[in-house]
Amino acid sequence: MILNLNKWQRGAVAAIDAQGNQLTYGELRDFAERAGQLMPARSLLFLLIENNVGGIAWTIGNICAGNVPLILNAHLDEQLYKNLYELYQPPFVCVPDSMAEKYPYETVTSSYGYTLMRTGQEACPMNDELSHLLPTSGSTGSPKLVRHKYENIEAAALNISTFFELTAEDRPLMVLPLYYTMGLSIVFSHFYVGATVLITNQSMTDRGFWQFIKNERATSFTGVPYSFEILNLMRFFRMDLPNLKLLTQGGGRMPKELNLRFAEYCRDNDKKWIATYGQTECTARMAWLPHKWAVEKVGSIGIAVPNAELSLIDMEGNPITTPNTEGEMCYRGKNVTMGYARSREDLLLDDERNGFIRTGDLAYFDEDGCYYIVGRMGRFLKLFGMRVGLDECERIIKGKYPNLKCACVGTDEKMLVYLTDETYKEQVKEELVSRLKLVATSFQVRIVNEIPKNEAGKTLYAKLKNK
């Protein structure tokens with residue numbers, strides 16, 4: 001059984017949620033066996049989940065059973081769900097009980113607060129190694145999916161549990177969504193060592209959130225930059241949390257001043273601050289900055305995770321071996337996923353990457369071999385830790401307003417949306433806020449006379465950045 005799940009005692013607690021529900025390792029193993037009987041072998045299902053014990057049970061249970069879930073936000077925009085459904089035609093859909101009546105499918109069973117439904121679609125042939133699917137962009141519901149295999153899960157769990165030095169005594173607080181690669185990696189790595197995951201969907205500004213941390217004696221917290229901005233506003237540095245020993249950050253670049261503040265706080269209060277870097281395409285974590293360098297090398301993503309390798313290449317694809325020389329960062333490891341799916345038929349594809357990926361990030365390394373990201377070659381941002389495809393956002397706008405000319409650029413701090421008609425300024429912003437489930441301050445709409453394009457009609461994004 002994957003993740004060492006058959007090694008732990010039946011009564012050992014695998015997960016606890018903020019509603020007081022518990023899941024033991026024995027119950028998880030039993031549910032995995034049952035999940036294999038509820039559907040034909042190797043069934044594709046859309047799994048729309050929330051952060052609770054049931055979400056974990058259905059996710060891990062189905063992966064263990066050999067079914068292939070596409071793991072999605074239970075509150076995904078309705079149109080985005082329909083687009084995915086039409087493209088992939090899953091034979092089964094599983095949603096929280098409270099949402100089941102919204103879906104016109106035949107109910108199979110209900111368990112752990114979720115309802116499994118049969119859609120009537122035909123079985124979907126899939127590659128034998130395929131374990132689960134994640135959207136490339138959790139907030140836009142991108143139809144381009146990342147194809148994970150069982151070896152990716154095992155490798156990620158081993159790597160992460162090794163450099164974090166995890167044990168069965170750990171009790172990580174999980175606030176990141178299960179459908180987000182870094183959130184899912186928390187479950188993988190801690191189940192691998194028999195720990196207890198504390199999962200919550202509460203807001204970090206709620207009193208109950210902090211009560212949950214204290215009552216359940218959380219030992220670690222993993223967040224994206226926005227998470228730590230909230231902690232800073234919540235006067236976290238004055239709190240008495242003696243059980244909390246590890247703070248880890250990923251999901252995009254963190255402001256240097258805030259990064260340094262948390263690094264110095266952990267250094268001075270017998271805690272560890274570990275910054276990490278990763279991508280959905282590599283099962284979450286690819287690099288980590290050892291806590292001994294947290295202050296000295298603030299802003300660095302550090303070194304490759306155990307059992308993996310980082311490298312740089314120049315524009316011609318030649319290796320870069322000289323410190324402080326920029327190039328495209330590459331990664332090699334067993335957690336590199338199989339490639340993308342853009343249609344139902346792609347679920348049969350073999351591994352197209354063979355353990356190697358060009359990340360699309362521009363970086364350099366210092367004399368100690370620690371890497372620093374300086375920019376991105378691709379067309380996506382990480383807003384509040386969630387990857388958002390700029391091209392997908394343009395499609396959202398054009399889908400709503402077909403005659404409106406638009407272009408999206410920006411940084412991890414803010415997306416800049418360029419329009420040629422001021423009439424739609426507020427409507428476009430409201431549409432993006434509604435569809436992406438991000439705060440309005442994530443977007444700035446600018447009006448221009450025209451969207452610059454080349455002779456072939458392709459948008460010249462570089463020219464927009466000066467407007």
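Colleague: In which kind of crossing does α2 pass α5, left-handed or right-handed?

Modeller: In this predicted model, the crossing of α2 past α5 is right-handed. Ile56, Thr59 and Ile60 of α2 and Leu184, Val187, Phe188 and Phe191 of α5 make the contact. Sorted by class, those residues comprise six nonpolar, one polar and no charged.

Colleague: What makes α2 roughly perpendicular to α5?

Modeller: The two helices pack at an angle of about 70 degrees, and their axes are 12 Å apart. Angles of 65 to 115 degrees count as roughly perpendicular, so α2 is described in that way relative to α5.

Colleague: How do α1 and α2 pack, and at what angle?

Modeller: Helix α1 (residues 25–38) packs against helix α2 (residues 53–65) at about 65 degrees, and the axes are 8 Å apart. The crossing of α1 and α2 is right-handed.

Colleague: Which residues of α1 and α2 meet?

Modeller: From α1 come Leu28, Phe31, Ala32, Ala35, Gly36 and Leu38; from α2 come Ala57, Trp58, Ile60, Gly61, Asn62, Cys64 and Ala65. By class, this contact holds ten nonpolar, three polar and no charged residues. Gly counts as polar, which means that Gly36 in α1 and Gly61 in α2 fall in the polar class.

Colleague: Why is the pair of Phe31 and Trp58 given its name, and what are the values for its rings?

Modeller: The structure holds 24 aromatic pairs. For Phe31 and Trp58, the ring centres are 4.9 Å apart and the planes stand at 75 degrees. A pair requires centres within 6.5 Å, and planes over 60 degrees apart count as edge-to-face; the pair therefore satisfies both conditions and is edge-to-face. Because Phe31 belongs to helix α1 and Trp58 to helix α2, the pair ties together parts that are 27 residues apart in sequence.

Colleague: What makes α7 roughly perpendicular to α8?

Modeller: Helix α7 (residues 225–233) and helix α8 (residues 256–268) pack at about 65 degrees, with axes 11 Å apart. The range for roughly perpendicular is 65 to 115 degrees, so α7 receives that description relative to α8. The crossing of α7 and α8 is left-handed.

Colleague: Which residues in α7 and α8 meet?

Modeller: Pro225, Phe228, Glu229, Leu231 and Asn232 in α7 meet Leu258, Arg261 and Phe262 in α8. The classes in this contact of α7 with α8 are five nonpolar, one polar and two charged residues. Asp, Glu, Lys and Arg count as charged, so Glu229 and Arg261 belong to that class.

Colleague: How do you know which strands stand at the edges, each with a single partner strand?

Modeller: Three strands form an open sheet of mixed pairing in the order β24-β25-β26. Since β24 (406–410) and β26 (443–447) each have a single partner strand, one side of each is left without a neighbour in the sheet. Neighbouring strands of this sheet are turned against each other by 25 degrees on average, direction ignored.

Colleague: In which sense do β25 and β26 pair, and over how many bridges?

Modeller: Strand β25 (residues 415–419) and β26 pair in the parallel sense, over five bridges. Within this pairing, Leu416 stands opposite Gln444 in β26. Helix α10 (residues 425–436) packs on the sheet and touches β25 and β26, and its direction makes about 155 degrees with that of β26. Angles over 145 degrees count as roughly antiparallel, so α10 is roughly antiparallel to β26. Helix α9 (residues 390–400) lies across β24 and β25 and runs at about 150 degrees to β24.

Colleague: What is the order of the open sheet of nine strands?

Modeller: The order is β2-β1-β11-β10-β12-β13-β14-β15-β16, with mixed pairing. Its edge strands are β2 (22–24) and β16 (303–304), each of which pairs on one side only. Strand β10 (residues 172–174) pairs with strand β12 (residues 220–223) in the parallel sense over two bridges. At least two bridges are needed for a pair, so β10 and β12 meet the criterion. Leu173 has Phe221 as its bridge partner in β12.

Colleague: Which strands does helix α6 lie across?

Modeller: Helix α6 (residues 207–215) lies across β1, β10, β11 and β12, at about 155 degrees to β10. Helix α5 (residues 181–191) lies across β1 (13–17), β10, β11 (197–199), β12 and β14 (272–277), at about 150 degrees to β10.

Key. Residues are numbered from 1 along each chain as its sequence is written. This is a predicted model: local features need pLDDT of at least 70, side-chain atom pairs count only at pLDDT 80 or more; totals for chains, interfaces and linings use all residues. Side-chain values use heavy atoms; hydrogens and water are left out. Helices (H or I, at least four residues) and strands (E, at least two) are DSSP runs, numbered from the N terminus. Axes are lines fitted to C-alpha atoms, for helices over the stretch in contact, and angles run from 0 to 180 degrees between N-to-C directions. Contact means heavy atoms within 4.5 Å. Angles under 35 degrees count as roughly parallel, over 145 as roughly antiparallel, 65 to 115 as roughly perpendicular and the rest as oblique. A crossing is left-handed if the near helix is turned anticlockwise from the far one by less than a right angle, and right-handed if clockwise. Rings of Phe, Tyr and Trp (its six-membered ring) pair if their centres lie within 6.5 Å; planes under 30 degrees apart count as stacked, over 60 as edge-to-face and the rest as tilted.
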